[in-house]
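Colleague: Can you walk me through this one? I have a few quick questions.

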Amino acid sequence: MDVSMTVNGKAVSGGVEPRTLLVHFLREDQLLTGTHVGCESGYCGACTVHIDGVPTKSCMVLAVQADGADVTTIEGLASNGDLHPVQEGFWERHGLQCGYCTPGMIMQAAGLLEENDNPSEDEIRHGIEGNLCRCTGYHNIVKSIEYAAAKMRGETPPAPEWEVAE
Amino acid sequence: MYPREFDYVVPASLDEALDALASNPGAKVLAGGMSLLPLMKMRLFSPEMVVDIGRIPGLGDISDNGDHLAIGALVRHKQTASSDLVAAHAAALAEAASYTGDPQVRARGTTCGALAHADIAADQPAAALALGSTMVAASKAGRREIAAADFFVDTLTSALNPDEILVEVRVPKAGGGSVYDKLGRRGGHSDYAVAGAAAWVKKSNGTVEDARVALTGVGLKPTLAAGSMEAIIGSDGGADAVASAAERATEGVTVLEDLYGSEAYKAHLAKVYVGRALEQAIARA
Amino acid sequence: MTTTTSALGGVVRRKEDPALIQGHGVYVDDLKLSGELQAAFVRSPLARADISSIDTAEAAAMDGVVAIYTADDVRHLGDLLAQVPVGKLRPLLADGRVNHVGEAVAMVVAETRAIAQDAVDAILVDYEPLTPVVDMMEAASDRTKVHDDLDSNIVFSWAAHDWWGGVIDLPDPRPGIEAAKQRDDSVVVSLEMKNQRLIPVAIEPRSVVASWNPGYARFEVYSSSQIPHALAGALGKTFGLASNAVHVVAPEVGGGFGAKLNVYCDEVLVCFASQQLGRPVRFTETRRESAVSTIQGRGWVATTTMVGTRDGEILGYELEGVADMGAYTQNFTVVIPLLGLWVSAGQYDIPTYWKVDCVVTNKPTTDAYRGAGRPEALYYLERTIDAFAREIGMDPTEVRKKNYWQSDQFPATNNTGLAIDTGDYAKAMDLLLDQADYAALLEEKQAAQAEGRLVGIGISSYVEICGFGPSVLSEIGFGWNNYGLPSSFSGSGLVRVNPDGSATVVIGTGPSGQGHETTWAQVVHDQLGIDYDRIMVHHGDTTESPMGIGTFGSRSAAVDGAATYEACQKVKAKAAVIAAHLLEAAVEDIAFGPGGPHVVGTPGHVIGWHEIADVAYRPHTGPDGMEAGLEAHAVFSPGNATWPFGAHLALVEVDRDTGDVEILRYMAVDDCGNRINPMIVDGQIHGGLAQGIGQAMFEEAVYDETGNLLTGSLVDYPIPTAGDLPSFELEHTTTPTDVNPMGVKGIGEAGTIGSAQTMVNAVVDALAPLGVTNVDMPLRPQKVWQAIQDAQA
């Protein structure tokens, strides 16, 4: 079947089998390999992208279901070379180690902050419950999202936990 | 990770969808896909045809129809969880929806889909039962209404026929107060229910005039706790009455053990959560 | 911008991150080789059965199916190699019999993954079921033998006083411990505890793609491996090639935790298929496949006994246990308990008898999972100390402090004959208690208990052994070199100053998120003064990297890092000669600072590295007789392992009605010696804690009596989510090691080694007023509730 959609602002189309998952269309047909596959049950969240602005697990969507949709992947999150505040937060606050869950985690966090730019720690933790990370224990992911939230509110982010030598 | 091959149709109207179902006995309805697609990816279930109802207009709203709320087939968990209407008239369902899955699943999965899937440990079926909901099933032959109490038939089996679509669930605006509470598999409210209970209570003049209590996670299907209902209706709703009602939580219910709980533990939890749900529901009533 | 300094002990943003946060990191499954084929496996649904027939006809006829292989096709390649080949080696494809659910029976190679999977479904295998041996205690009884050609299901036994194989003789501690038990004033406690099987769950599933070039007679292999050099060695040996005819690249690797510290059958088989078919062949496991075909961890049952006096002096500790190897031996399978043995007496100077039997069962193979033997050993020891403290009515922190090796006793030769390098255990514990305001916590607990709430405090301290390691360990039997390279546990680093004054650093590690590109750049920047941004670090490529044995056992900084440090000294020595020549100064008057070398006392007049390099690469402009070039390679083989340590505390509350455990606080003091980048060190601790707490709270590979894994997907095998964990409160002490020139010990596994028993100790403490003395992991609500019921019955 033919599908057309907007991916990272660009109109794309292609022929797919009905059984092709959106994540495979993105990775294999569009060569956007930043979106990762970590499981098949839909629990890990590594494949999270935005469909029409909504964070969605792209392994839980058929490519044909996304026909006509506006899809944003991790590759399209930065604008004009400027990192999204969540990307910046992950870099500044060591929100990633192996980086495999990171694209999905960032996409989910960006969606979370779009709805609420001043979440509590508890809201952040429950807001990323659908994204599994095995490296960070989530501690610095929470700090990274708090950093991004402050930036998005136009405030100075909380100081890092480690000492900053001048 | 790769489903078996299937035919895919994406009807533009409900009639088209019902036609597709009627003419293809091996067809399966796809709405949010949060339960169906993982099963297909793991090849645990492989329908010959998928009928994607996602583009049918008019199914995505929660509406106030006077004596009941109507939740359409494409209303997402997140809509149910955050709807003022649902919060006002069916708090148990809002809570159940807010505990379903994870943020991404709630943004895409549907309340009707969770009901039709009839998982033994899902949240919203218990709330639908306690609230005395009615399922509206459509087929080419027309529509029929199915009481929630008759809807959950067995493990992963609802009363829907293969050619039917659950087009809406109707939740009565019956007043009173309702609650859903559970123990999740990872503790707290996280993940599917090890056991959970929903309760709806209506009081008048200091007496529990009417009530429904439902269980999830403990048996073959989400089910009403008839013993608890009998015990609490007509009581003063005080601590003793709640305790007596909780004690009868599994009366007539087949309790089954699974990976997350022995029969004894699940029966115990059923009592704990019926007690907790009733106590809070009475406070809200 | 919080970036400030790249000096050792400083924090810099990671070099790895810009690619990873923008989706530009390249993992194995993100690479595509031209014309590649896709592999999928037929896997056994039974734990033990004879294969009577395999019918591939229908699958072979399907469009897009290129080849199907069974044992008949690959038998000539031999079994899968293991570095420690004790027990039963794994056939590449099941040969006549399957021995665990998930064992590969046939391999399909097809044009697409979906077609490969369709073909797998179409292959019919007839099995004659046999009775599986699932339970490890049943296996230890030898009533049913798992493998006909082994004398016993017990394939090896480890004893702490008798593991050197004659290299060192240690006394048998049993008579002394027995005498202590007979003393009138001694108290004896005993516990039987399970340390359950776990599934590692690196979020990136394993993936490998191999391409054979018959012209070059060389394999090109991309694999999500922690041990690229070892993989090259093993593949070379399997295919009769020199290890340099196998080019292995481990690009970005999405978490390892030991699961990728193995050579796998699929890695061999894609090479074989590529050689046969003349096209690249790829295999990427699914999550459920990973659960049964990638290694699992832990899986021990042990009984411990502790004897001591009422004033807290421990007179002896005994452990007798069984460890589940699974059906087949892979890389380090049988030596995992040895890592526990080395820390069997932990941070205490106490007589210790410690024996673990390794048994085979009809389950997937176990091997190194974060901590590997050490979390098990410390779990048993630290749970037992708590039981002893409770029995004598003494605060558990006091009992620990009373029996620690004292700070003036190092190097301390422990019960296994190894010398613990450095330590100050009481200092770490005191800092923990101070940070926690322990006295106030105890009051808070008592107040809660007075209200009928079940609040508990859990304490553990730990020592681990890592930074492997002295090459003398290769004397203790076994081959250790079956992968075609000696596992003498050295590390290497190459530092090249390029003509433009930038530096290229090439190391032999195989990181999977540990931030080596950042940390190594800090070391080189610190030593040479080259701008951090002008240093690029490469790893994981066997033709590019110097010899390395990979990243595991918290060893990279302490061994390969030290090698890189030594390489820097060589570069400096040469640069000093050139600088002295240019500055017309004496070599001994040359110092190194930011930007480059200068004459002592005039740090403002540095010679840029590009100027030094210019001379180095045009030797006629330098001192007479100077060798051209400006790079150095060093191999570092440490004289000892390193021994990090720490102390952890958890505060929990248990819901009496449901058994649900809430973690209120988690505090850790860890000492890994000098810290190169404290941000990265803390990150390693956070992740380790999450895995230890995950074991304590949720995780368990559960098998039914037929050997079927009931928890093979993430639905049933819950790893912690953000909502399940608290923020962690970390502190540290710094006790450098003298084993390497940087004084660094290693931190990758510390969090895991210290945390599981801390959690369980906390829950047992919470339940102690109800009479509960033991609860096994995982602390699922049902188990906690059941412990309460049992205690009150």
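**Strands, contact and core**

Modeller: Start with strand 22 (residues 590-593) of chain C: C:Ile590 and C:Phe592 make its covered face, C:Ala591 and C:Gly593 its uncovered one. Strands here are DSSP E runs of at least two residues, and helices are H or I runs of at least four, numbered from the N terminus. This is a predicted model: local features need pLDDT of at least 70, side-chain atom pairs count only at pLDDT 80 or more, and totals for chains, interfaces and linings use all residues. Residues are numbered from 1 along each chain as written, with chains lettered from A and ligands numbered from 1 in written order.

Colleague: Which strand does strand 22 of chain C join, and how many bridges are there?

Modeller: Strand 23 (residues 596-599) of chain C, antiparallel, through four bridges. Pairing takes at least two DSSP bridges. C:Ile590 sits opposite C:Val599.

Colleague: What lies between the two strands?

Modeller: Two residues, in a hairpin. C:Gly595 in the turn has a positive phi of about 95°.

Colleague: New topic. How many residues does each of chains B and C put into their contact?

Modeller: 23 from chain C and 19 from chain B. Contact means C-beta atoms, placed from the backbone, within 7 Å. On the chain C side, helix 4 (113-122) and helix 20 (781-792) each supply at least two residues.

Colleague: And which residues does B:Ala199 touch?

Modeller: Leaving out residues up to four places away in sequence, its contacts include B:Ala130, B:Ser178, B:Val213 and B:Leu278.

Terms used
Buried ≥ 20, exposed ≤ 12 C-beta atoms within 10 Å, placed from the backbone. Contact = placed C-beta atoms within 7 Å.
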